[in-house]
Structures are given as C-alpha cells and as structure tokens.
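Here is a short briefing on one protein model. Look at the strands first, then at the side chains.

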Amino acid sequence: MDRVEVRHWRDTRTQREVDLLLVHADGRYVPVEVKASRTVGPGDTHGLVNFALRHSESCHRAVLVYEGSQVVDLTPAGSPSPIVAVPRALM
C-alpha cells in the first residue's frame with residue numbers, strides 16, 4: 001500500500017486554498033475541499049481549480065466532500081484535472 005501524506009495548501013497571491021492536500025509517494029496530488037452544505041456548485045471549487053491550474057502536471061484529480069447525496073461532476077471547461085463532489089456518506 002502506498003503511503004499518502006496529508007498537507008494543507010494556500011496560494012498566498014490569490015488567497016485560494018484547499019483544506020487537505022493528499023500527496024502520493026509517486027508525486028501525484030489530490031486536493032480535497034470539505035463543505036458543510038447539502039448543495040455544491042462551481043463557486044465552491046475556486047481553490048481546487050486554482051490548485052489544478054498551478055500544478056497541472058501532478059494534480060491527479062480534485063475532490064469536494066459535502067453533505068449531499070449525489071456524486072456531481074464540477075469540472076469546469078479548461079480544467080486540467082477532473083473535479084468531483086462526493087457525498088460524505090460515501091467516504
């Protein structure tokens with residue numbers, strides 16, 4: 001089993017951040033945002049999109065965990081990585 005480090009990430013220039021940054025041993029990143037909301041939309045992905053654009057070569061995918069009940073594709077046009085909202089209950 002691969003070891004995964006858990007970090008936090010913030011872009012000091014834009015003040016965008018992601019709550020958790022999973023760093024795989026092979027250098028791949030998975031940024032994770034956590035929202036205490038039953039609904040999510042594109043406005044909830046600003047930090048994830050910023051991270052994916054700045055780290056497009058190593059950002060494997062991005063995940064938004066929320067209180068809803070459906071898996072939602074929130075990948076904006078032009079994003080180098082898929083962004084998926086996943087219900088907390090599935091985690």
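A polar contact is a pair of N or O atoms within 3.5 Å; within protein, one must be able to donate a hydrogen and the other to accept it. The Ser 79 side chain gives an example: one of its polar atoms lies 2.7 Å from the backbone oxygen of Ser 81. The model is predicted. Its strands form an open sheet of six, with mixed pairing.

**Sheet layout**

- The strand order is S1-S2-S3-S4-S6-S5.
- S1 and S5 stand at the edges. Each has a single partner strand, so one side of each is left without a neighbour in the sheet.
- S3 covers residues 29-34 and runs parallel to S4, with three bridges joining the two.
- S4 also pairs with S6 (residues 83-87), in the parallel sense, over five bridges.
- S3, helix H1 (residues 46-54) and S4 make a β-α-β unit, and the unit is right-handed.

**Strand S4**

- Is S4 mostly covered or mostly open? S4 spans residues 62-66 and is mostly covered, with five of its five residues buried.
- In a regular strand the side chains alternate between the two faces of the sheet.
- In S4, Ala 62, Leu 64 and Tyr 66 point one way. Val 63 and Val 65 point the other way. All of these residues are buried.
- On the S3 side, Glu 33 stands opposite Leu 64, and Val 34 has Val 65 as its bridge partner.
- On the S6 side, Tyr 66 has Pro 87 as its bridge partner.

**Strand S1 and the surface**

- Val 6 lies in S1, which covers residues 4-11. Val 6 has a relative accessible area of 55%, so it counts as exposed.
- Val 6 joins Leu 20 and Val 34 in a nonpolar surface patch of about 240 Å².
- Val 34 thus appears twice here: in this patch and as the bridge partner of Val 65 in S4.
- Arg 7 also lies in S1. Its relative accessible area is 38%, so Arg 7 is partly exposed.
- How far apart are Arg 7 and Leu 22 in sequence and in space? They are 15 residues apart in sequence and 6.4 Å apart in space, C-alpha to C-alpha.

**Loops**

- Gln 15 sits in the loop between S1 and strand S2 (16-24).
- Most residues other than glycine have a negative phi.
- Gln 15 is not a glycine, yet has a positive phi of about 65°.
- Ser 79 lies in the loop between strand S5 (72-73) and S6.
- Is Ser 79 buried or exposed? Ser 79 is buried, because its relative accessible area is 18% and the cut-off for buried is under 20%.
- The contact with the backbone oxygen of Ser 81, at 2.7 Å, therefore involves a side chain from a residue that counts as buried.

**Salt bridges**

- How many salt bridges does the model hold? The count comes to seven.
- Arg 10 and Glu 17 meet through their side chains at 3.0 Å, N to O. Arg 10 is partly exposed at 41% relative accessibility. Glu 17 is partly exposed too, at 28%.
- Asp 26 and Arg 28 form another salt bridge, at 2.9 Å, N to O. Asp 26 is exposed, with a relative accessible area of 53%. Arg 28 is partly exposed, at 27%.
- Arg 13 and Asp 11 form a salt bridge at 3.8 Å, N to O. The cut-off is 4 Å, so this pair qualifies.
- Which partner in this pair is buried, Arg 13 or Asp 11? Asp 11 is buried, with a relative accessible area of 2%. Arg 13 is exposed, with a relative accessible area of 64%.
- Asp 11 and Arg 13 are also part of a network of salt bridges that links them with Arg 54.

Methods: Residues are numbered from 1 along each chain as its sequence is written. This is a predicted model: local features need pLDDT of at least 70, side-chain atom pairs count only at pLDDT 80 or more; totals for chains, interfaces and linings use all residues. Side-chain values use heavy atoms; hydrogens and water are left out. Buried means under 20% relative accessible area, exposed over 50%, partly exposed in between (1.4 Å probe, protein chains only). Helices (H or I, at least four residues) and strands (E, at least two) are DSSP runs, numbered from the N terminus. Two strands pair if DSSP finds at least two bridges between them. A crossover is right-handed if, with the strands pointing away from the viewer, the path from the first strand over the helix to the second runs clockwise. Patches are made of residues with over 30% relative accessible area and no salt bridge: like charges are joined within 9 Å, nonpolar side chains (Val, Leu, Ile, Met, Phe, Trp, Tyr) within 5 Å. Accessible areas come from the Shrake-Rupley method with a 1.4 Å probe; for residues, only the protein chains shown count as cover.
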